[in-house]
Amino acid sequence: MPGKKANQGRAKSPIQRRRGMASTPGAPGAYILQTEGLLFLEEEKGCSKKVSRDSPRCSEAMSDKKNEIPGKPNVLIVVPSTPQPESWWHALFSFLGNSYRVKNVFRDAIEDNASQARGESIVKKSETVQRNSMADPMYNMLLSTLEKLKIKKKLRSDSTARVNELVETVMKHMKETDSFWKVKRRRTGSHYENVKISQPDEFDVMLVVPVQSVDVRSYGPEGAYYTVALKNNPRRHLLESFVQEDGKTISANEMLLKFRTEVKKAVRHMEDVEVERKKRACPAVTLWIQGSDLRIGLDIVLGLEVHSSWPSTTQDGFMIDNWLGPKAKKNFKFEPFLLVPKYEGKGNEEMDGVCAKDTWRISFSHVEKEILKNHSSTKTCCKTGGAHCCRKQCLKLLKYLLVQLREKHPKELSKFCSYHAKSMLFHACCQRPSDSEWVGERLSECFQLLLQDFVGCLRDGHLPNFFIPTHNLLGSKPDKRTRGFLADLIEHEINNMFPIFQESL
Ligand SMILES: [Zn+2]
């Protein structure tokens, strides 16, 4: 099979890599072992004692292999505090078994240096690898931060079961209603993008109603908000009960109110579930679940899944041709788009006879999820057997940085959200489309570049929505002073080795 042959030539299997490593006289140093499972960092206290089956940290790593999630690439990093002989590494490899890919960061740096000495061009790679190798405290610290986030995520698994059960109950109830019987669960949001960095007690799900034959029009100049009107006979449409006096426009506000009523009905017999009071301009119904030792918050967001071509406002956006390729772009554009009942301002402003609170905000969260999952034109990036890049890690770190800074300055930074981070990453991926610009070892360099991009946007007051470039995510709010404040904070973090990350390690 020609395909198979080509594949063999390109990527070594995990076992081949490991064997290759073991047969090469290994330089003492840092090794990254990649596996499909949870991430463990052995660097924290230094791995000075010989790793054996008796080592508590290694047995912990082994026991967690049981919880491996297929398709979730992870890394086990072993950094001895003092250089160890080759036999030490051999003992470790045989202890860990065959399921790890091994990468010796130091050896790569040495090899790069050697080929540079031979006059081969390496485009700054050796410098980068050396700088970002395990010897680089910044790289180490960022990995430790990511590790901490992973552990937090692990704590979520207990809550997940309860949340899923509750969502199932709500879905079951919705199936019996007139307006929401077609509702589907859309697995969007950072939890499903595997970049969730918030507490284990926060969840969000989106329940969407698929709609066809609707007329979607931009509301306001930016292209972020829309009105939805029924094209054909409204009397026989699923959404007929939300049609306004004009006989065609669907009221977002009324649909959300009805949705809220139904969610309330669905959970009314559950003693441990409480429905939070309605918040203005919030497209979600928030439920609080009282667990045995944890209070879980669940946002159920209502959405319309519109099966028609994307609005013309998206025409100059979503420029992924250089990054993911024109074919991927074409395929994505066949996907429906989503609308959530969200508005700006007080809600009672009117335009063309439609009240702001009856408008919808456009969302491409399902496309964003797919892009994050398949974030390279190389289909193997971050997949089993393929190379690992640091795109998602950069996003997690940027999101986490914003969360941490917002915790310190809640009032000033309330208008900044994880969507700013995600959009920034997408723009950066288009600007630096090749995998070589995001190789795993360049994490600290890539993260700092991403932050510099973000600081630039903050100072300019311009971060276009990735899909709708006319929609400036840093438009009227937050104001110039606040943007400058955040830019200064980020620059301080960059220049001082991210004290905010170090504090919480
Ligand atoms: Zn990747």
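Two strands pair if DSSP finds at least two bridges between them. Keep that in mind for this predicted model. Strand 12 (residues 337–340) and strand 15 (residues 360–363) run antiparallel, and three bridges join them. Within this pairing, L339 of strand 12 faces I362 of strand 15.

Strand 12 has another partner. Strand 11 (residues 295–306) pairs with strand 12, also over three bridges and in the antiparallel sense. Here L304 is the residue opposite L339. So much for the partners; now look at the two faces of strand 12. Both are covered. F337 and L339 lie on one side, L338 and V340 on the other, and all four residues named are buried.

Next, move along the chain to a pair of helices. Helix 12 spans residues 391–408, and helix 13 spans residues 418–431. Their axes come within 9 Å and cross at roughly 150°. Angles over 145 degrees count as roughly antiparallel, so helix 12 is roughly antiparallel to helix 13. The crossing is right-handed.

Which residues of helix 12 and helix 13 make the contact? From helix 12 come R391, C394, L395, L398, K399 and L402. Helix 13 supplies S418, A421, K422, M424, L425 and C429. By character, the contact residues divide into eight nonpolar, one polar and three charged.

To retrace the route, begin at L339. Find L304 opposite L339 in one pairing, then I362 opposite L339 in the other. Then turn to helix 12 and follow its right-handed crossing with helix 13.

Definitions and conventions: Residues numbered from 1 in each chain as written. Predicted model: local features only at pLDDT ≥ 70, side-chain atom pairs only at ≥ 80, totals over all residues. Axes fitted to C-alpha atoms, helices over the stretch in contact; angles between N-to-C directions. Parallel < 35°, antiparallel > 145°, perpendicular 65-115°, else oblique. Left-handed = near helix turned anticlockwise from the far one by under 90°. Contact = placed C-beta atoms within 7 Å. Nonpolar A, V, L, I, M, F, W, Y, C, P; charged D, E, K, R; others polar. Buried ≥ 20, exposed ≤ 12 C-beta atoms within 10 Å, placed from the backbone.
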